[in-house]
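Reader: I would like to go through this model with you. I will ask how each label was earned.

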Amino acid sequence: MPQSASAPLRVSVLGAGSWGTALAALACANAQVTLWARDAALADAINATHQNARYLPGITLPSALVATSSLSHAVAHACDNQGVPGLVILGVPVAGLESTCAALANELAKLNHPAVSAVWTCKGFEQTSAQLPHAIAQKALASTPGVGLGVVSGPSFAKEVAQGLPVALTVASNNPQVIAATTQALHGSNARIYNSTDVIGVEVGGAMKNVMAIACGISDGLALGTNARAALITRGLAEMQRLGVALGGSADTFAGLTGLGDLVLTATGPLSRNRQVGLAIGEGQTLDTILANGMTAEGVRCARAALALGKQLGVDLPITQAVCDVLFNGLSARQAVSDLLSREAKPETPKPA
């Protein structure tokens, strides 16, 4: 439903990391935006300098962007809008999603449960339970009426979005109000927003492309060439699709922004942390050394969960298996490549059951 001129859309972004800050800056073109930072010093610095020097150094943020370290203030900002439902963007990693949703539920209860849309941006599986983000959010907000849920995903580096460079994203939800609010907040001259109802497919694409990007980075670190990278991207996409369909997603989703698009970006882009981890592994560094140097990537955290899901569902995930063997089981990168190449020849497209 379009907002009236007297009641512009209000957006609160919970999480002032690189991606949360970038989306907050993007939304400033269309909405009144508050950015919540857990660290009061970071919030004060953003307000004083219009920069997030910790996560997006050298990038000037819109002067209209207001940061706060008060979660109560941030949530109330999205809800206090003449009865017009606002938008809360959960800009936190998978590991922080449950606690952030629980905190959001607590604040909404204080406000007598106003209607609001909430979308998360994290990509991955929860490490211990192998749950996708939607399951985590639904459980944490189950007792909170009036909250519409969805996910925002797609091929996007936070730095480029914060710089105002073009990007295309997908919002997936079964709630039309969530899609409308998210599109209104983010769609504009620098961003094109598509919509989908396939939450599971969008989430699986976002999680699995990180694992495949590590594999591509390993291949490039071994200097195996662009032919090998293309093969890994193509077969990696098929692997992502198999798992996504088994979990209830649509096969078609993986041909779009949150499947192929995000995979190509993450497997080839120089800003990709997952690719950088793979490159370092291929060049001979150990995972312990890489992590000790401060380089982290979601693909490392969710590879085991994805492999466990594949085994549980009877889905063949050979690239994921190879990545796990290299990262956690002591297999050399070259041996993992050799094992993949020596697999039994088979049709590229399996026959329908």
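Author: In this predicted model, the centres of domain 1 and domain 2, taken over C-alpha atoms, are separated by 27 Å.

Reader: How do you know where domain 1 and domain 2 begin and end?

Author: The bounds come from the domain assignment of the chain, which gives 10–197 for domain 1 and 200–342 for domain 2. That assignment is an automatic or database one.

Reader: What makes you say that the two domains are in contact?

Author: Contact means heavy atoms within 4.5 Å. By that test, 25 residues of domain 1 are in contact with 25 residues of domain 2.

Reader: Why is the largest pocket said to lie between the domains?

Author: Its lining decides that. Domain 1 and domain 2 both give residues to the lining, so the largest pocket lies between them.

Reader: What makes a residue part of that lining, and how many residues line the largest pocket?

Author: A lining residue has an atom within 4 Å of a pocket point. For the largest pocket, 40 residues line it. Gly17, Ser18, Trp19, Ala158 and Arg273 lie nearest its centre. The volume is about 1,300 Å³. H1 (18–27) is among the helices that each supply at least two lining residues, and the largest share, 3 residues, comes from H1.

Reader: What classes make up the lining of the largest pocket?

Author: There are 16 nonpolar, 14 polar and 10 charged residues. Gly counts as polar here, so Gly17, one of the residues nearest the centre, is in the polar class.

Reader: What is the volume of the second largest pocket, and which residues are closest to its centre?

Author: The volume is about 780 Å³. Of its 28 lining residues, Arg235, Pro318, Ile319, Leu340 and Arg343 are the closest to the centre. Two or more lining residues come from each of H8, H9 (226–246), H14 (318–328) and H15 (333–341). H9 gives the largest share, 6 residues. The classes are 19 nonpolar, 1 polar and 8 charged.

Reader: Why is the crossing of H8 and H11 called right-handed or left-handed?

Author: A clockwise turn of the near helix from the far one, by less than a right angle, is right-handed. H8 passes H11 in a right-handed crossing. The angle is about 35°, and the axes are 6 Å apart.

Reader: Which residues make that contact?

Author: On H8 they include Asn210, Ala213 and Ile214, and on H11 they include Asn274, Arg275 and Gly278. By class, the residues of this H8 and H11 contact divide into 6 nonpolar, 6 polar and 2 charged.

Methods:
Residues numbered from 1 in each chain as written. Predicted model: local features only at pLDDT ≥ 70, side-chain atom pairs only at ≥ 80, totals over all residues. Heavy atoms only, no water. 1 Å grid on protein atoms, 1.4 Å probe; cavity = no way out; pocket = protein on both sides within 12 Å on 5 of 7 lines; lining within 4 Å. Points joined across faces, edges and corners; volume = space filled by probe spheres on them. Helix = DSSP H or I, 4+ residues; strand = E, 2+ residues; numbered from the N terminus. Axes fitted to C-alpha atoms, helices over the stretch in contact; angles between N-to-C directions.
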